[in-house]
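I opened the structure today to look up two things, the nonpolar packing and the charged pairs.

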Amino acid sequence: MEAMTSAVAPAIALTIAGSEATGGAGAQADLKTFQELGVFGIANLTCIVSFDPKDSWNHRFVPVDQQVIADQLEATTAAYGAASGAPSVLDRPVLDTVKIGMLGSPATISTVEAALAGGSFANVVLDPVLICKGQEPGHALDTDQALKARILPLATFVTPNHFEAESLSGLEITDEESLTAAAIRIHQISGAAVLAKGGVRLEGPDAVDVYYDGETLEVLRAPKVGEVAVSGAGCSLAAAVTAELAKGATPLEAARSAKAFVTAGIKNRVASGAPFDALWQGGARS
């Protein structure tokens, strides 16, 4: 049977992230975002996270074996990477755009670092997940330091939330001005385009995020939808940036589109028996 052909092949994007069992965040949110935005999504899992309803819904964190992570990355790049022989899209290798989500350990960071170094990725979107509740504090600190030292320098686009922006920049963020200063500092440290997220954590009627790439500074605003963070918003924002970059958008265009995508998803959130709502990636068409 002959393979089907299409006049327009989809762009392809990879997420290297954890599985989040309720489906609201992590690789599940990434894949739904990719699909919604017309991108063929691939997920390589680094860990399994399941909230514990018997312990205030804190995280239960189980890392994936390092060889299994390496095997996933090997298979993915062999099938779709620059040396795979697969047909190019937009005159680029089929797979040259990757999102990095939760890695969870220094060992995983080393494994992923090696894959990134040899993967010919033009776009590396880092959602810098620095703390996972349920990890031993010393281990979490080691992971944070390894992420900053080894993955952050490889990133071309970084999407820190309020806490992560404070950690990466070393600045206290209390308002739009300090969020802007943090975005500039993170760019100076990493060389990457930065979308620093204030979200609902800053006072005022709007959810404010700041984009900075060394030349362009733009504040992205949308009216707040409630005063509580929604599960999957950060993952979906970074995944939307990834999808748009894979399709050929500029970093600023990707940031603007991702902001609108997430705002619609928050407006059409999904409730559950858990003490948090989840973003709906199909919100823009609801």
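My entries on the cores come first, followed by those on the salt bridges.

I note that this is a predicted model, in which local features need pLDDT of at least 70 and side-chain atom pairs count only at pLDDT 80 or more, while totals for chains, interfaces and linings use all residues. Residues are numbered from 1 along each chain as its sequence is written, and side-chain values use heavy atoms, with hydrogens and water left out.

I looked up the largest nonpolar core (buried Ala, Val, Leu, Ile, Met, Phe, Trp, Tyr and Cys residues joined through side-chain atoms within 4.5 Å) and found 39 residues, of which Leu-14, Ile-16, Val-98, Ile-100, Leu-103, Leu-116 and Ile-151 touch the most other members. Buried here means under 20% relative accessible area, exposed over 50%, and partly exposed in between, with a 1.4 Å probe and protein chains only. I also noted a second, separate core of 29 residues, which includes Ala-13, Val-230, Ala-239 and Val-241.

I then turned to salt bridges (a side-chain nitrogen of Lys or Arg within 4 Å of a carboxyl oxygen of Asp or Glu), and the structure holds 11. In one of them Lys-99 meets Asp-30 at 2.7 Å, N to O, and both residues are buried.

Glu-113 and Arg-150 pair at 3.0 Å, N to O; Glu-113 counts as partly exposed because its relative accessibility is 24%, and Arg-150 is also partly exposed, at 31%.

Lys-197 forms a salt bridge with Asp-127, with the closest N and O atoms 3.8 Å apart. Lys-197 is buried at 10% relative accessible area, and Asp-127 is buried at 4%.
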